[in-house]
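Grab a coffee and open the viewer: here are some exercises on reading strands, helices and cavities. Try each task yourself before you look at the solution.

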Amino acid sequence: MAFSISDSGALGNVPPTPVTGPAKVDVSQMRRVLPRITALALRYPGGLTLAIGCSLGAAVANLTLPRLFGAAVDQAQTLLKAGPAHATQAQAALWATAILVIGATVVRGLLTMFAGYMGEYVSQQVAYDLRLKYFQQLQRLSFGFHDRVHSGDLITRGMLDLEGARVFIQNGAMQALTLVMLVGFASYMMLSADVVMGLIGLTFVPVASIALGRMGFLLRVAWLRIQKLMAILTLTMEENLQGIRVVRAFGAKTFEMSKFDKASIDALNLAYQRILLRCRGVSVMTISFYSAMTILLWYGGHMVVNGSLTSGRLTEFLTYMSLMQSPIRQVAMIFNSAARASSGGERLFEVLDLTPEIADAPAAKPLTPSQGVLRFDHVGFSYVGAAPALSCISFEVRPGQTLGIVGPPGSGKSTIANLAARFYEVTEGSITIDGQDIRSVTLDSLRGYVGLIQQETFLFDSSIGNNVAYADPWTTDERIAGAAATAQLHDHIAGLPDAYETRVGERGVALSGGQRQRLSIARGVTPEPSVMIFDDSAAAIDAVTERRVRDALAQATKTKATIVIAHRLSSLQHADEIIVLDKGRIVERGSHRDLVARGGIYADLYAMQSHAATIGAAERETEEA
């Protein structure tokens, strides 16, 4: 099930909000999220100061233009009215003003360029920090979190939502600073020159502010819906690519296309809605601006005719208004950027603000093993919102001993393996190593001591050697080859054209299922952990090869505490003790011989598998004959 944002804003395994229905928008999020994003830029005071300085310098250069243009108009009129004696002087003054206009324009252009560059620099630095912090948080969050949240949504948050937060620094905060200075100073100069004309020129500001403010609120709704839709699109594409063989095998291309097309159409419609909102806001602003300029031109023109105002002063007023038009137009971009950043930043910070369920205790110390005894003491565990998965589980494994665990699917076998490595937290009882509760030691030391080879094999798209050495990248080639030999894979790898440099492909597609499992076993053996747990890690390996792997592992783990979880009972016959699970409880325990003699669940499983093996052998003999 895809995850969404609950009413409280927390992450949870809850039904997604319909993207076409009404969206609840917490306006206060903008007041909380936007200052937080802006504060991230303060970590780079040098670049930020330079960007702000260049922006202010460009604004000052911009604000000199109205006075210069006004002076130029008056000088031109003087030149036309002046006699031959004053014409040369007036013409020189006009040329000087023209040179100043060109100089102010060049300065404004250069400062604007540097301000844009430094704003982009700071925003990219913030994005870099956020990416690292977000990725680090994903590594810290527990398996329980990743069980509830789809990776497609997490990818969307770490890419699209993060980019929306970054852009706000450059196109939101920096532009808003320039806007405030330009509009504020221009308004002051207009009002100080003539109150009536200043008020006429500023009549468009409240109208534009209301229209653009409403647009910003509605854009936040639209962006929130768009980002949820993008998460659905990412989820759909990711699942399709991961399951492309299943899609092709069942001829489900049409179904997958229709599913992706529906989400794409919804996203397209919301994009149109967002564009329409921006166009409406900009249109209201533009109409109000030109209406105010028309009235100002009419009123000022009458004053010029009456002689109470010079043409240069009227030009100055109109130029101030023209200067305000550009930043006021940018209000639409600022609101759009703020709306996207507030919704995207909210989704991003939801993950960043989570407290990992599994983390080092405040006074955690590295594990200090002595004998290396792993003990489960009346352990109980329940997954979130589910019935108890384990109840009153107790056992002990010493170095050199092997514990076998068997049981039907869902009986809690893999849960025991995950609890031993503290991927989940026990809800009852305790797990100790030499009397040290694993909750009181650091996770790094615990997971370096306890090695888990899981049932589901995941291989990275890299070389075979890199996959084997993943847990210990600095290990020697001899140790890599030795681990592969233990997994009965060295001969096959050595026969490949590139040997250990052969790439396995995405998720190990270049290898068979059995080869992937053996490579996973080699990867688990390489770091030589003191406690080794094999969670049905030989299920895809044929019986003959499994026997050779088991014999090699017996030699490699003879001094280690070993837990073997398997459905194939032949994998457990050598164990010192076998426990049988059913519905999260231990229902039988003992050696292979004792359990068979007891005639219980284990004996029934053994008889069933032995009978199936006998029939299979007989059929093979008949086929060969």
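**Exercise 1: the four-stranded sheet**

In this predicted model, β6 and β7 run antiparallel and are joined by 2 bridges. Your task: work out in which order the strands of this open sheet lie, and which strands are at its edges.

Solution, step by step:

- Start with the pair you already have. Within it, I433 sits across from Q436 in β7.
- Look at the link between them. β6 and β7 make a hairpin that has 2 residues in between, and D434 in the turn shows a positive phi of about 55°.
- Now go to the other neighbour of β6. Strand β6 (residues 428-433) is tied to β3 by 5 bridges, and the two run antiparallel. To find your register, pick D377: its bridge partner in β6 is S430.
- Move on from β3. Strand β3 (residues 374-382) pairs with β4 through 6 bridges, again in the antiparallel sense. Here F376 has F395 in β4 as its bridge partner.
- Put the pairs together. The order of the 4 strands is β4-β3-β6-β7, with antiparallel pairing. That leaves β4 (388-397) and β7 (436-437) as the edge strands, each pairing on one side only.

**Exercise 2: the six-stranded sheet**

Find the strand order of the open sheet with 6 strands, and say why one side of β8 and of β12 has no neighbour in the sheet.

Solution, step by step:

- Take β5 to begin with. Strand β5 (residues 402-406) and strand β10 (residues 561-565) run parallel, joined by 4 bridges. G404 is the residue opposite V564 in β10.
- Next, check β11 and β12. These two pair in the antiparallel sense over 5 bridges, and I578 has G590 in β12 as its bridge partner.
- Trace the chain between them. β11 and β12 form a hairpin with 2 residues between them, and K583 in the turn has a positive phi of about 55°.
- Write out the order: β8-β9-β10-β5-β11-β12, with mixed pairing.
- Read off the edges. β8 (450-453) and β12 (585-590) each have a single partner strand, so one side of each lacks a neighbour in the sheet.
- Add the twist. On average, neighbouring strands of this sheet are turned by 20° against each other, direction ignored.
- Finally, see what packs on the sheet. Helix α11 (residues 413-420) touches β5, β8, β9 (531-535), β10 and β11 (577-582), and its direction makes about 150° with that of β9.

**Exercise 3: two helices**

How do the axes of α16 and α17 cross, and which residues meet?

Solution, step by step:

- Get the geometry. The axes of helix α16 (residues 513-525) and helix α17 (residues 543-556) come within 12 Å, crossing at roughly 5°.
- Classify the angle. Since angles under 35 degrees count as roughly parallel, α16 is roughly parallel to α17.
- List the contact. From α16 come R518, I521 and V525, and they meet T545, V549 and L553 of α17.
- Sort by class: this contact has 4 nonpolar, 1 polar and 1 charged residues.

**Exercise 4: a cavity**

What volume does the second largest cavity have, and which residues line it?

Solution, step by step:

- Count what there is. Searching the whole structure turns up 2 cavities of 30 Å³ or more.
- Take the second largest cavity: its volume is about 40 Å³.
- Name the lining. It consists of L419, R422, Y424, E425, V426, I431, D437, I438 and R439.
- Sort by class: the lining has 5 nonpolar, no polar and 4 charged residues.

Terms used:
Residues numbered from 1 in each chain as written. Predicted model: local features only at pLDDT ≥ 70, side-chain atom pairs only at ≥ 80, totals over all residues. Heavy atoms only, no water. Axes fitted to C-alpha atoms, helices over the stretch in contact; angles between N-to-C directions. Parallel < 35°, antiparallel > 145°, perpendicular 65-115°, else oblique. Contact = heavy atoms within 4.5 Å. Nonpolar A, V, L, I, M, F, W, Y, C, P; charged D, E, K, R; others polar. 1 Å grid on protein atoms, 1.4 Å probe; cavity = no way out; pocket = protein on both sides within 12 Å on 5 of 7 lines; lining within 4 Å. Points joined across faces, edges and corners; volume = space filled by probe spheres on them. Pairing = 2+ DSSP bridges.
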